[in-house]
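User: Please take me through the fold and the side-chain packing of this protein, one question at a time.

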Amino acid sequence: MTRRATPPDGRRAPLPSTDDGARDGARDGGSAERGSAVVDFVLVSVLLLVLFLGVIQVALAQHVRSMLVDSAAEGARYGARADRGPDDAVRRTRDLISADLSSRYARDVTARYTTRDGVDVVEVSVEAPLPVVGLLGPGGVIDVVGHAVREPR
């Protein structure tokens, strides 16, 4: 053990206090701080939950849009074959959407012959509801279009 040096007048210096007043503060109104960590945790947790649900909402909408675009393009390619037509494109698109997502996304599918940049194409349009996570998601519809060059008959 090390000894503390004694001042020349023989008195000992007081030891530094380790009491930071925490006990006195609890008696003087510091109890108002009790439980604030729980409130902070709840507030931050709610904020993080809302952020997480927002990310899930965007990911789900992007997934549905991707599946609809793929189905519309595949339906247009199917309908553009020499032995097929727009009705076949609609049927094929609905089958693909029903298999990938749900039949409620395949309700409004149309196909037609059109010309784009001087080329005859089959155009398949799909209008589907925007998927919603929970009750607070955005409403609306997703419109996608698929094109394919029409084969000569």
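The questions and answers below concern a predicted model.

User: In what order do the elements of the protein chain run from the N terminus on?
Analyst: The model is a predicted one. Its protein chain holds three helices and three strands. From the N terminus on, these elements run α-α-α-β-β-β.

User: Which elements each supply at least two residues of the largest nonpolar core?
Analyst: The largest nonpolar core has 18 residues, and those touching the most other members are Leu 68, Ile 97, Tyr 105, Val 109, Val 124, Val 126 and Val 144. At least two residues of this core come from each of helix 2 (36-79), helix 3 (86-100), strand 2 (119-129) and strand 3 (141-149).

User: Which residues does Val 144 touch, not counting residues up to four places away in sequence?
Analyst: Val 144 is among the residues of the largest nonpolar core that touch the most other members. With residues up to four places away in sequence not counted, Val 144 touches Arg 65, Leu 68, Val 69, Ala 72, Val 124, Ser 125 and Val 126.

User: Is Gln 57 buried or exposed, and which backbone oxygen does its side chain reach?
Analyst: Gln 57 is a residue of helix 2. Its relative accessible area is 9%, and because the cut-off for buried is under 20%, Gln 57 is buried. The side chain of Gln 57 reaches, at 2.6 Å, the backbone oxygen of Pro 131.

User: How does Leu 130 count in terms of relative accessibility?
Analyst: Leu 130 belongs to the loop between strand 2 and strand 3. Leu 130 touches Ala 61, Pro 138, Gly 139, Gly 140, Val 141 and Ile 142, leaving aside residues up to four places away in sequence. Its relative accessibility is 21%, and because buried requires under 20% and exposed over 50%, Leu 130 counts as partly exposed.

User: How far apart in space are Leu 130 and Val 64, C-alpha to C-alpha?
Analyst: In sequence, Leu 130 and Val 64 are 66 residues apart. In space, the C-alpha to C-alpha distance between Leu 130 and Val 64 is 8.1 Å.

User: Over which ring does the charged end of Arg 92 sit, and over the face of which residue does Arg 150 lie?
Analyst: The structure holds zero aromatic pairs. The charged end of Arg 92, 5.7 Å from the ring centre, sits over Tyr 78. Arg 150, at 3.6 Å from the ring centre, lies over the face of Tyr 113.

User: What share of the residues of the protein chain count as buried?
Analyst: The accessible surface of the protein chain is about 11100 Å², and 56% of it belongs to carbon and sulfur atoms. Of the 153 residues of the protein chain, the share that count as buried is 22%.

Notes:
Residues are numbered from 1 along each chain as its sequence is written. This is a predicted model: local features need pLDDT of at least 70, side-chain atom pairs count only at pLDDT 80 or more; totals for chains, interfaces and linings use all residues. Side-chain values use heavy atoms; hydrogens and water are left out. A nonpolar core is a set of buried Ala, Val, Leu, Ile, Met, Phe, Trp, Tyr and Cys residues joined through side-chain atoms within 4.5 Å. Buried means under 20% relative accessible area, exposed over 50%, partly exposed in between (1.4 Å probe, protein chains only). Helices (H or I, at least four residues) and strands (E, at least two) are DSSP runs, numbered from the N terminus. Contact means heavy atoms within 4.5 Å. A polar contact is a pair of N or O atoms within 3.5 Å; within protein, one must be able to donate a hydrogen and the other to accept it, and residues adjacent in sequence count only if both atoms are side-chain atoms. Rings of Phe, Tyr and Trp (its six-membered ring) pair if their centres lie within 6.5 Å; planes under 30 degrees apart count as stacked, over 60 as edge-to-face and the rest as tilted. A charge sits over a ring if NZ of Lys or CZ of Arg is within 6 Å of the ring centre and within 35 degrees of the ring normal. Accessible areas come from the Shrake-Rupley method with a 1.4 Å probe; for residues, only the protein chains shown count as cover.
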